[in-house]
Structure formats: C-alpha cells, structure tokens
Amino acid sequence: MYKLYSMQRSGNSYKVRLALALLNAPYRAIEIDILRGESRTPDFLAKNPSGQVPLLEVEEGRYLAESNAILWYVAGGTPLAPDSRIERCEALQWMFFEQHALEPNIGAAYFWLSLVKGGRDLQTHALEDWMERGYAALQVMEDHLKIHPYFATGQLTVADIALYGYTHVADRCDYDLATFPAIRAWLRRVEQTPGFVSMDWQPGAAAHNPAGVAAEA
C-alpha cells in the first residue's frame with residue numbers, strides 16, 4: 001500500500017488524492033502541515049530534500065516527489081493515462097502548462113490569500129501579476145475547452161486532474177470564473193466522474209461513487 005505524505009488544503013496534494021480516489025487505490029495518508037514547518041524537519045527532508053508535499057512512498061524507502069510525476073506513476077496502465085505516444089504528449093503538454101502558467105499564479109494566490117493568515121498584506125506587491133497571468137492561463141484553458149470536453153484524448157486523464165487541482169479553488173482567491181463558461185462546465189464534468197472526491201474528503205470517508213474509473217478499464 002502506498003504512503004502519501006500530503007497537506008489536506010494543498011492543491012498539489014489534492015491532485016494525487018483525487019487520482020487515487022478515482023482509481024479506488026488504497027493508500028495511507030500522512031498529513032504534513034507545511035505552514036507549521038512539518039515538511040522542513042530532518043526526518044522529512046531525508047525523504048524529500050526539497051521539503052515539499054505531496055510525496056509518495058512507492059515501496060519501502062523509495063519516494064517519489066512532484067505532484068504531476070506522482071500522477072503518472074499511480075495512473076500508469078489505467079484509463080487516466082493515455083496509451084498512444086501523441087496522446088501521452090498532449091497530456092504532458094497540459095501538465096507542463098499547469099506547472100508554468102497556472103500553479104505559479106492561481107496556486108500562489110490560493111496559498112497566500114486562502115491559507116496564510118495575513119498573506120494578502122504580505123504579498124500585495126505580487127497580487128497584480130498573479131491576477132494578470134492567472135487570467136491569461138484561464139483564457140488559454142477556456143479557448144481549448146470551447147471545442148474539447150477534456151484536455152487530452154476526449155476523456156478524463158491525468159492532465160485534467162492536474163489542471164483541476166487549482167482551477168477549482170480559483171474563486172477562493174479573487175478570480176472570477178463568471179466569464180469562463182467552458183471552464184465551469186468542465187469543472188462540473190470532472191466532479192461528476194465516478195469516484196470523485198472533494199479536497200476536504202479524507203480516506204475512510206464515503207466517496208461519491210467508490211467504484212471509480214478503474215472499474216471502467
């Protein structure tokens with residue numbers, strides 16, 4: 001069974017928990033509160049020198065970091081991971097986009113405005129840039145979703161999970177999704193997927209549909 005070191009309110013951590021839930025894959029969740037410095041202890045740094053979550057222990061003493069790399073690992077051989085070379089690369093291009101255009105802006109705004117007490121005052125200088133670049137990223141997604149139901153292969157994949165992680169909390173950190181109807185429709189499609197769980201869900205609680213997408217393989 002996997003051990004997943006994650007933070008409940010972290011979008012990057014949630015991506016992995018969501019994928020595992022959709023796949024109905026068992027794992028042990030270990031909460032690491034980065035706001036309390038729990039990812040900077042000597043014990044944790046020995047597992048992941050970058051001091052970040054999520055972190056997946058795939059076997060005794062072997063760890064995998066970076067949320068999108070973990071997504072590919074857990075989704076391999078399932079409907080969430082495209083089979084063909086071109087479709088894998090299409091999924092990857094959107095996951096790279098998520099990491100360089102979405103997460104550094106909407107993810108950063110969510111962290112400082114929603115999670116850190118007094119974060120808005122601490123990051124006033126950065127907020128305007130986050131808003132401008134975050135809205136630009138949302139527009140790229142909106143344009144794609146106007147003509148595609150998902151981001152790769154025409155069905156839910158790891159690319160959608162990666163992008164969902166912070167897009168679904170954009171409205172908690174000053175972003176207005178009212179002018180992005182295709183994104184809002186896509187969010188609803190993701191949330192209607194069998195096995196979907198919210199960010200607040202914890203292992204052991206009842207999922208919306210425990211069968212998950214693995215049952216569809």
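Is N24 buried, partly exposed or exposed? Select N24 and colour by accessibility: its relative accessible area is 48%, so N24 counts as partly exposed (buried is under 20% relative accessible area, exposed over 50%, partly exposed in between, using a 1.4 Å probe and protein chains only). Keep N24 on screen, as the tour comes back to its backbone later.

Some ground rules before clicking on. This is a predicted model, where local features need pLDDT of at least 70, side-chain atom pairs count only at pLDDT 80 or more, and totals for chains, interfaces and linings use all residues. Residues are numbered from 1 along each chain as its sequence is written, and side-chain values use heavy atoms, with hydrogens and water left out.

**Stop 1: the two domains**

Colour residues 2–75 as domain 1 and 85–192 as domain 2; these bounds come from an automatic or database domain assignment. Drop a centroid on the C-alpha atoms of each domain, and the two centres sit 21 Å apart.

Now show the interface. On one side are 18 residues of domain 1, in contact with 19 residues of domain 2 (contact means heavy atoms within 4.5 Å). The size of an interface is often given as the accessible area lost when the parts come together. Here the two domains bury about 1400 Å² between them, with 71% of it on carbon and sulfur atoms; buried area is the accessible area (1.4 Å probe) that two parts lose on being put together, summed over both.

How many salt bridges does the rule find across the interface of domain 1 and domain 2? The count is 1, where a salt bridge is a side-chain nitrogen of Lys or Arg within 4 Å of a carboxyl oxygen of Asp or Glu. Pick K15 and E98: they form a salt bridge, and their closest N and O atoms are 2.9 Å apart.

The interface of domain 1 and domain 2 also has 7 residue pairs in polar contact, both residues at pLDDT 80 or more. A polar contact is a pair of N or O atoms within 3.5 Å; within protein, one must be able to donate a hydrogen and the other to accept it, and residues adjacent in sequence count only if both atoms are side-chain atoms.

On the side of domain 1 that touches domain 2, α1 (11–22) and α3 (67–75) each supply at least two residues. Helices (H or I, at least four residues) and strands (E, at least two) are DSSP runs, numbered from the N terminus. The largest share of that side, 7 residues, comes from α1. By type, the side splits into 10 nonpolar, 5 polar and 3 charged residues; Ala, Val, Leu, Ile, Met, Phe, Trp, Tyr, Cys and Pro count as nonpolar, Asp, Glu, Lys and Arg as charged, and the others, Gly among them, as polar.

**Stop 2: salt bridges elsewhere**

Side chains of opposite charge can pair when their charged atoms come close. The structure holds 6 salt bridges. Select K3 and E57, whose side chains meet at 3.8 Å, N to O. K3 lies in strand β1 (residues 2–6) and E57 in strand β3 (residues 55–59), so the pair ties together parts that are 54 residues apart in sequence. K3 is partly exposed at 28% relative accessibility, whereas E57 is buried at 6%.

While E57 is lit up, add Y63 in strand β4 (residues 62–65). Leaving aside neighbours within four places in sequence, Y63 is in contact with Y5, K47, L55, L56 and E57.

Next, jump to R120 and D174, a salt bridge at 2.9 Å, N to O.

**Stop 3: the segment after α8**

Where is T193 found? Look in the segment after α8. T193 is buried, with a relative accessible area of 8%. Its side chain reaches the backbone oxygen of R189 at 3.3 Å, and a polar atom of the T193 side chain lies 2.9 Å from the backbone oxygen of V190.

**Stop 4: backbone oddities**

Most residues other than glycine have a negative phi, and most peptide bonds are trans. Zoom to V53 and P54: the peptide bond between them is cis, with omega near 5°. P54 is in the loop between α2 (42–47) and β3.

Back to N24, in the loop between α1 and β2 (27–31): its phi is near 55°, a positive value in a residue other than glycine. Finish on T153, in the loop between α6 (124–145) and α7, where phi is near 65°, again positive in a residue other than glycine.
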